[in-house]
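Me: I am new to this structure and would like a close look at a single part of it. Please take one strand and describe its surroundings, beginning with the pocket beside it.

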Amino acid sequence: MRKQIAFISILSVALILLGGCRKSLKDFSFYYTIESVNNYKLALTLGSDKTYKIEQYNYFMDNHANRQAPIITEGAITDREYDEVVKHLSACNFFRMKDTYGFDKESTEDATANILYQITFRTGGKEKYISIRNSDSNLFPEPFIHLLKYTSNFLSAHSPAKGQEQ
């Protein structure tokens, strides 16, 4: 009986320590882009220094106007936003994910097949790059899907006012 209690106690402590290590994300950078090649690109950078940067490039219109006019927004995130970012990034085990998704088949007739997503995640001296081509056959871990939803909501809330768009 004592051996069972000792085993359960040791196992509990180990799980708490291991779980705590994953959640103690302190030094990180997260870079996310969505791009319709040669048309439009939206990029988000989030850092452990509680800053963000949103970059919008409308290549199609800029090429017609013979200019480059990206819209760049930078700022600081709130403590609450920072906690949410850390929660979502910690839940994603980026280093266990594949490097590419959706590139195993030839481009389909689907108009969204030319939409590309790229993610770069850095923490603890390690880097992970993930490239995704939009496809209905892509399957992602649930925490990653939650991160993408959070990222989309963050971009909507922090993007420049509609009047500033080209």
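Reply: Strand E1 (28-36) and strand E7 (126-133) each give at least two residues to the lining of the second largest pocket. The model is a predicted one, and the volume of this pocket comes to about 150 Å³. Its lining consists of Tyr32, Ile34, Tyr117, Ile132, Arg133, Asn134, Ser135, Asn138, Phe140 and Leu148. By kind, six of the lining residues are nonpolar, three are polar and one is charged.

E1 is the part followed here, and the whole chain gives it a setting. The chain contains four helices and seven strands. Along the sequence they come in the pattern α-β-β-β-α-β-α-β-β-β-α. The seven strands make up an open sheet with mixed pairing, and their order is E4-E3-E2-E1-E6-E7-E5. Strand E4 (71-76) and strand E5 (100-101) are the edge strands, each pairing on one side only. In that order, E1 stands between E2 and E6.

The pairing of E1 with E2 is antiparallel and runs over eight bridges. One of the residues of E1 in this pairing is Ser29, whose bridge partner in E2 is Gly47. The two strands form a hairpin, with three residues between them. Asn38 is in the loop that joins E1 to E2. Its phi is near 65°, which is a positive value in a residue other than glycine. Is Asn38 buried or exposed? Asn38 has a relative accessible area of 58%, and the cut-off for exposed is over 50%, so the residue counts as exposed. Asn38 still has contacts with residues further along the chain: setting aside neighbours within four places in sequence, it is in contact with Tyr59 and Phe60. The C-alpha atoms of Asn38 and Tyr57 are 9.8 Å apart, with their positions 19 residues apart along the chain.

Within E1 itself, two residues can be looked at in turn. Thr33 lies in this strand. Thr33 has a relative accessibility of 1%, and buried means under 20%, so Thr33 counts as buried. Leaving out residues up to four places away in sequence, Thr33 touches Lys41, Leu42, Ala43, Leu116, Tyr117 and Gln118. Tyr117 also belongs to the lining of the second largest pocket.

The other residue is Phe30. With residues up to four places away again left out, Phe30 touches Leu44, Thr45, Leu46, Leu89, Phe94, Ile119, Thr120, Phe121, Leu147 and Thr151. Phe30 is also part of the largest nonpolar core, which has 28 residues. The members that touch the most other members are Phe28, Phe30, Leu46, Leu89 and Phe94. At least two residues of this core come from each of E1, strand E2 (40-47), strand E3 (51-57), helix H3 (79-91), strand E6 (115-123), E7 and helix H4 (142-158). H4 gives the largest share, five residues.

A general point about strands is useful here. Side chains in a regular strand alternate between the two faces of the sheet.

Next comes E2, the hairpin partner of E1. This strand is mostly covered, as six of its eight residues are buried. E2 also pairs with E3, in the antiparallel sense and over six bridges. Two of its residues illustrate this pairing: Leu42 has Gln56 as its bridge partner in E3, and Leu46 has Tyr52. Leu42 is among the residues that Thr33 touches, while Leu46 is among those that Phe30 touches.

E2 and E3 likewise form a hairpin with three residues between the strands. Lys50 lies in the loop between them. Lys50 is a residue other than glycine with a positive phi, near 65°. Its relative accessible area is 27%, which lies between the cut-offs of 20% and 50%, so Lys50 counts as partly exposed.

Two values for the chain as a whole complete the account. Of its 166 residues, 33% count as buried. Among contacts with a separation of 6 or more, 60% are between residues 24 or more positions apart.

Methods
Residues are numbered from 1 along each chain as its sequence is written. This is a predicted model: local features need pLDDT of at least 70, side-chain atom pairs count only at pLDDT 80 or more; totals for chains, interfaces and linings use all residues. Side-chain values use heavy atoms; hydrogens and water are left out. On a 1 Å grid over the protein atoms alone, a cavity is a set of points where a 1.4 Å probe fits but cannot get out, and a pocket is an open set with protein on both sides within 12 Å along at least five of seven lines; lining residues have an atom within 4 Å of a point. Grid points are joined across faces, edges and corners, and a volume is the space filled by probe spheres set on the points. Ala, Val, Leu, Ile, Met, Phe, Trp, Tyr, Cys and Pro count as nonpolar, Asp, Glu, Lys and Arg as charged, and the others, Gly among them, as polar. A nonpolar core is a set of buried Ala, Val, Leu, Ile, Met, Phe, Trp, Tyr and Cys residues joined through side-chain atoms within 4.5 Å. Buried means under 20% relative accessible area, exposed over 50%, partly exposed in between (1.4 Å probe, protein chains only). Contact means heavy atoms within 4.5 Å. Two strands pair if DSSP finds at least two bridges between them.
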